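Work through three short exercises on the structure below. Each task is followed by a stepwise solution.

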Amino acid sequence: MAEIIDIGDITVDISTQCVVVGAGACGLVASLKLAEQGIETLVFERDTRARGSTSMSSGFIPAAGTRVQKALGINDSASKFHDDIQRKANNEADPALVDRVVAAVRETLDWLEQRHGFRWQVLEEFLYPGHSFHRMHALPGKTGEALQQQLLASSESAGVSVVPGTRVVALLTEAATSQEGDKCVAGVAVERLDGSVEYVRADNVILACNGYGANRQLVEKYIPQMAAALYYGHDGNTGDALLWGDALGASSCHLGAYQGHGSVAARHNILITWALMMEGGIQVNARGVRFSNEHAGYSEQAEHVQTQPGNVAWNIYDERLHQLGLGFPDYQTAFKAGAIKTASTVEELATINELPEAALVKTLKAIDKIAEGNKDPQPLDEFGRYFSVEKRLKPPYYSVKVSAAVFHTQGGLKINTAAEVLNKKNQRIEGLYAAGGAAVGVSGSSVAGYLSGNGLLTAVGLGAIAADSVVARVKGGNVVAN
Ligand SMILES: Cc1cc2nc3c(=O)[nH]c(=O)nc-3n(C[C@H](O)[C@H](O)[C@H](O)COP(=O)(O)OP(=O)(O)OC[C@H]3O[C@@H](n4cnc5c(N)ncnc54)[C@H](O)[C@@H]3O)c2cc1C
């Protein structure tokens, strides 16, 4: 499927100024920006109904300094956001790329609000792990589906040509005209649902087809420790961008990085919000004991849960947190589906979950004791988590059995700050751009580097940057990158 074809060998069926591969948040933001600038664009989407991981997501986009954040009096800034990203990524992300993406996501959310009527709200119920400020933006539905639908509706109004049921199966190339590299991009080959193939000439191709989470072989190769775990993202994310890049001699980076999650309701396969953990809940294993600092982040928790007996854990929390959970659509679905259990005592909680009673009682007593002992400076538990008296768990108790999952991959094609794909000599491959999950993200090299929201941050931010670069190239300006 990773075919590269020399355009000299074929007759093209149609020409356009830009092709966008994939109609998730990344591809739709890019094509909306291109439409505004009058760039003729075709968006090819393999599904008959464009969904992507975007529609499966919670739809929370982090941004600092937006109009809506300012209106709420939140004193956030680009540099604070940059620092949070790098702290989580262990300073492994390209700092120039982080700066550019942080600026781009703010501009883009404001632009979507003012130009396309997106009604952002900032989630203030709880602070997402690793973020110093309330900066998660969501549409009123608080779902990825709401985000995807609004992007599709805006695209339609703006006259964007999204062509569903059309899979890009090859990149077309020709000899490069610039000094850099030996090949440049010249278009794509697309396959329709009836199996017919068409060739499209385009000097600019934006790869917005996400990562390789749905490609078992690539997951086994780059994330072997999670090869047996659930993949919870879109099944169309088969790593085409990475495979084309490899075949073209592109550089890739941080391929072992991914967004994991340690809290997907077992059997029901429904995401259980991490807010429960951040506000006082705990996770125990089949032995009834805790095994990690739940406040470090839900992404790395995937690997902690995956290594527990039976590859499962139980979220334990109480009525206050159950009410908080009910504010999230996924949690409501899990509750209605019967995934959530309730008990009036710890003993009953142990019985209904088939957990060892004595161990569970001991675990809950232990966190109470830590909370009661909390004085300045804040004492931490053995895993480094702080417990407060105000947020201690009280009966009735709630629980849900959860598994670990891979949500999407964060490694990808190496790009410069203009989202141009780089070859192994760090030269740009003319006309080829990667954004969103197709490009290397800002999460460093491992699962622990994923700061909540890094997925849509780079889908929206890099999508906008790639579009700006295409506009500059088409209009004969300079593509500014480092
Ligand atoms: C359950 C879940 C919850 C999440 N919640 C959040 C969240 O709240 N905040 C956050 O920041 N991130 C979240 N994420 C991650 C986020 O969803 C992704 O990072 C983001 O949607 C990526 O956007 P994208 O446009 O790059 O990819 P996608 O939305 O996956 O779009 C890629 C599109 O490309 C298409 N495609 C692939 N190959 C081809 C091809 N060869 N030809 C044509 N089309 C092709 C696919 O069909 C797909 O429609 C979550 C992920 C999951 C799974």
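For residue classes, Ala, Val, Leu, Ile, Met, Phe, Trp, Tyr, Cys and Pro count as nonpolar, Asp, Glu, Lys and Arg as charged, and the others, Gly among them, as polar. The model is predicted.

**Exercise 1. Describe the shell around the ligand by class, closest residues and elements.**

Step 1. Count the shell: 44 residues surround the ligand.
Step 2. Sort them by class: 18 are nonpolar, 20 polar and six charged.
Step 3. Pick out the closest: Gly22, Gly24, Gly52, Gly436 and Gly455.
Step 4. Assign elements. Two or more shell residues come from each of helix H1 (25-36), helix H2 (52-56), S9, strand S19 (397-409) and helix H15 (454-474).

**Exercise 2. Lay out the five-stranded open sheet and find what packs on it.**

Step 1. Write the strand order: S1-S9-S10-S11-S2, with mixed pairing.
Step 2. Mark the edges. Strand S1 (3-6) and strand S2 (14-15) each pair on one side only.
Step 3. Check the S2 edge. S2 pairs with strand S11 (residues 197-201) in the parallel sense, over two bridges. Here Ser15 stands opposite Arg201 in S11.
Step 4. Add the helix. Helix H8 (residues 240-248) packs on the sheet and touches S1, strand S9 (166-175) and strand S10 (183-192). The directions of H8 and S1 make about 50°.

**Exercise 3. Characterise the two domains and their contact.**

Step 1. Set the bounds: the assignment gives domain 1 (3-256 + 410-474) and domain 2 (259-406).
Step 2. Take the separation: their C-alpha centres lie 33 Å apart.
Step 3. Count contacts: 21 residues of domain 1 touch 25 residues of domain 2.
Step 4. Classify the domain 1 side: 13 nonpolar, six polar and two charged residues.

Notes:
Residues numbered from 1 in each chain as written. Predicted model: local features only at pLDDT ≥ 70, side-chain atom pairs only at ≥ 80, totals over all residues. Pairing = 2+ DSSP bridges. Helix = DSSP H or I, 4+ residues; strand = E, 2+ residues; numbered from the N terminus. Contact = placed C-beta atoms within 7 Å. Axes fitted to C-alpha atoms, helices over the stretch in contact; angles between N-to-C directions. Domains from an automatic or database assignment. Near = placed C-beta within 6 Å.
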